[in-house]
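Please open the model in a viewer and keep the sequence panel visible. The stops below are meant to be selected one after another.

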Amino acid sequence: MSARPLTDAPMVDLDQPQDAYSYVKQLREQSPIARTPMGIVLALRHRHLELVTSDATRQLETETKVMQGITSGPIWDITTSGMLFANGDTHRRRRTPVAKTFAFKLMDAMRPKAADLAAELVNDRLGKGPFDFVDEFAAQIPARIIADILGTPRSDLPIFMQWIADTAASIGFIELDKREQIEASLVAFNAYVGDLLNDRRRAPRGDFISHYVDETRDAGELNEAEIRTQVLGLILAGSDTTRGSLCMTLATLLKHPDQWRAFCADPDGLKKGVVAEGLRYQPIVSGIPRVAVQDMDIDGYRIPAGTPIAVSLLSALRDPDVYANPETFDITRTDHPRWHPIFGGGAHRCVGEALAKAEMEETLATIARLAPNTTLIGEVPKLQPGAIRQVTAMQVAFAA
Ligand code: HEM
């Protein structure tokens, strides 16, 4: 049977009023792929994750920025000198020094730090009523840990966090009215990272930046902008992702009191299952983008070379072919694949996976241990549409 044209695939209705998970479920039951008005193919099945590592696709490069008319300036520079939106040798050269320095052992060693930091933040707020969990707690964990890894002084934390808040949005589609503010902060943040690198070149300390500087010397061929952007990229890629995932996992646990109580009874035994399930049930990254480099078929649909494709994690992570009762939040489920799809796959698989898991597992276990009577106040937070889905407001009251 000859392949069907892409125009036969259902068109995604971006204004649909249902919740995102019911909508993708309905789409998935109708067809294995869908298409968006911007011409992106949405691949909806878990098995489509193969497309992420296939030779028939490549990573996006500057496409989304060009679509938005951004072809120069600081956002363009960070996009074109980072590892995330690069392919082949360019990607390898940029990633290798980071991957060597940001090794699993170093990240796993951050567990006690994450637990101590979480305990400090919980104890300061214990029994004191509702507070803004997103900014006062969840944003603090990745920012303070990465600042610690980089060896930035504590007194720089407020401005460092402000830059993170301003510039994290430079990764996906930009809200164009914020472009000026994002770019001004990117310039300042870049200069700060440049100073950090120069400082360690003058006086190595045996810390992450000193090792990274050594590795970039060995790797050769990296220019100064590339060296700086990889550090900036680590900070940005690890911030909104970890912050939002912490919020949604805690909120979902608190909406499932039986599972929250079970977690409080055995935080260390259940922390891995809690985080894996939180990341599956409320994926902070909506999909993994790629571009077809040759004509190809996906489940009988003809996809011409050059077509942008996104493997929808919203859909794949609830695919009944892989997960039993996929609409059910279950911290004890045993059907998670060995490599959690939320961290992507292949050459671009998340460099910060071990750190993100260490931060989330230790933070949530600490809250369960110190504040088992925690309550969610007011609205349940949601993840808004976007490449990295931003979390809405969340108020919590910690109680022992
Ligand atoms: C829950 C937290 C996180 C999630 C869900 C997540 C998810 C992802 C995904 C899906 C990718 C691959 C994107 C693609 O292939 O197009 C990725 C790449 C990346 N992540 Fe993470 N991430 C998280 C935390 C972190 C942290 C904590 C760091 C570092 C501190 C980090 C640094 C990076 C970097 C540098 C890349 C680019 C890798 C490359 O292109 O080779 N991420 N992440």
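Select Asp299, in the loop between strand 6 (296–298) and strand 7 (301–303). This is a predicted model, and in it Asp299 has a positive phi of about 45° although it is not a glycine. With a relative accessible area of 35%, Asp299 is partly exposed.

Next, select Asn325, which lies in the loop between helix 17 and helix 18. Here too phi is positive in a residue other than glycine, with a value near 40° for Asn325. Is Asn325 buried or exposed? Asn325 is exposed, because its relative accessible area of 58% is over the 50% cut-off.

**The iron and its ligand**

Remain in the loop between helix 17 (313–316) and helix 18 (353–370) and select Cys350, which is also placed there. Which protein atom serves as donor to the iron atom of the ligand? The single donor from the protein is SG of Cys350, 2.3 Å away from the iron.

Now display the residues around the ligand, 27 of them; Gln59, His91, Arg95, His348 and Cys350 come nearest. Three side chains may be examined in turn for their polar atoms beside ligand oxygen atoms.

- His348: a polar side-chain atom lies 2.6 Å from an oxygen atom of the ligand.
- His91: the distance from a polar side-chain atom to an oxygen atom of the ligand is 2.7 Å.
- Gln59: an N or O atom of the side chain is 2.9 Å from an oxygen atom of the ligand.

To see which elements build the shell, colour helix 5 (88–101), helix 13 (224–237), helix 14 (240–254), strand 5 (287–292) and helix 18; these give two or more residues each. Colouring the shell by class shows 16 nonpolar, nine polar and two charged residues.

**Helix 5**

Isolate helix 5, which has 14 residues. From its first C-alpha to its last, helix 5 reaches 20 Å, close to the 20 Å expected at 1.5 Å a residue. Where does helix 5 bend? The bend, of about 35°, is at Arg95, and the proline Pro97 follows within four residues. Arg95 and Pro97 are both among the buried residues of helix 5, together with His91, Arg94, Val98 and Thr101. Recall that His91 and Arg95 also belong to the residues that come nearest the ligand.

**Helix 16**

Move to helix 16 (residues 267–281), which bends by about 25° at Gly273. How many of the 15 residues of helix 16 are buried? The count is 11, so helix 16 is largely enclosed by the rest of the structure. Buried residues to select include Lys271, Glu277 and Arg280, as well as Leu270, Val274 and Leu279.

**Two pairs distant in sequence**

Select Arg47 in the loop between strand 2 (41–43) and helix 2 (50–53). Arg47 is partly exposed, with a relative accessible area of 41%. Add Ala316 to the selection: 269 residues separate Arg47 and Ala316 in sequence, yet their C-alpha atoms are 7.9 Å apart in space.

Finally, select Glu175, found in the loop between helix 10 (157–167) and helix 11 (179–202). Glu175 has a relative accessible area of 48% and is partly exposed. Its partner for this stop is Gln68: Glu175 and Gln68 are 107 residues apart in sequence and 9.5 Å apart from C-alpha to C-alpha.

Technical notes:
Residues are numbered from 1 along each chain as its sequence is written. This is a predicted model: local features need pLDDT of at least 70, side-chain atom pairs count only at pLDDT 80 or more; totals for chains, interfaces and linings use all residues. Side-chain values use heavy atoms; hydrogens and water are left out. Donors are N, O and S atoms within 2.8 Å of the metal (3.2 Å for Na, K and Ca); water is not among the atoms, so sites may look incomplete. A residue is near a molecule or strand if one of its heavy atoms lies within 4 Å of it. A polar contact is a pair of N or O atoms within 3.5 Å; within protein, one must be able to donate a hydrogen and the other to accept it, and residues adjacent in sequence count only if both atoms are side-chain atoms. Ala, Val, Leu, Ile, Met, Phe, Trp, Tyr, Cys and Pro count as nonpolar, Asp, Glu, Lys and Arg as charged, and the others, Gly among them, as polar. The expected span of a helix is 1.5 Å times one less than its number of residues. The bend at a residue is the angle between axes fitted to the seven residues ending there and the seven starting there. Buried means under 20% relative accessible area, exposed over 50%, partly exposed in between (1.4 Å probe, protein chains only).
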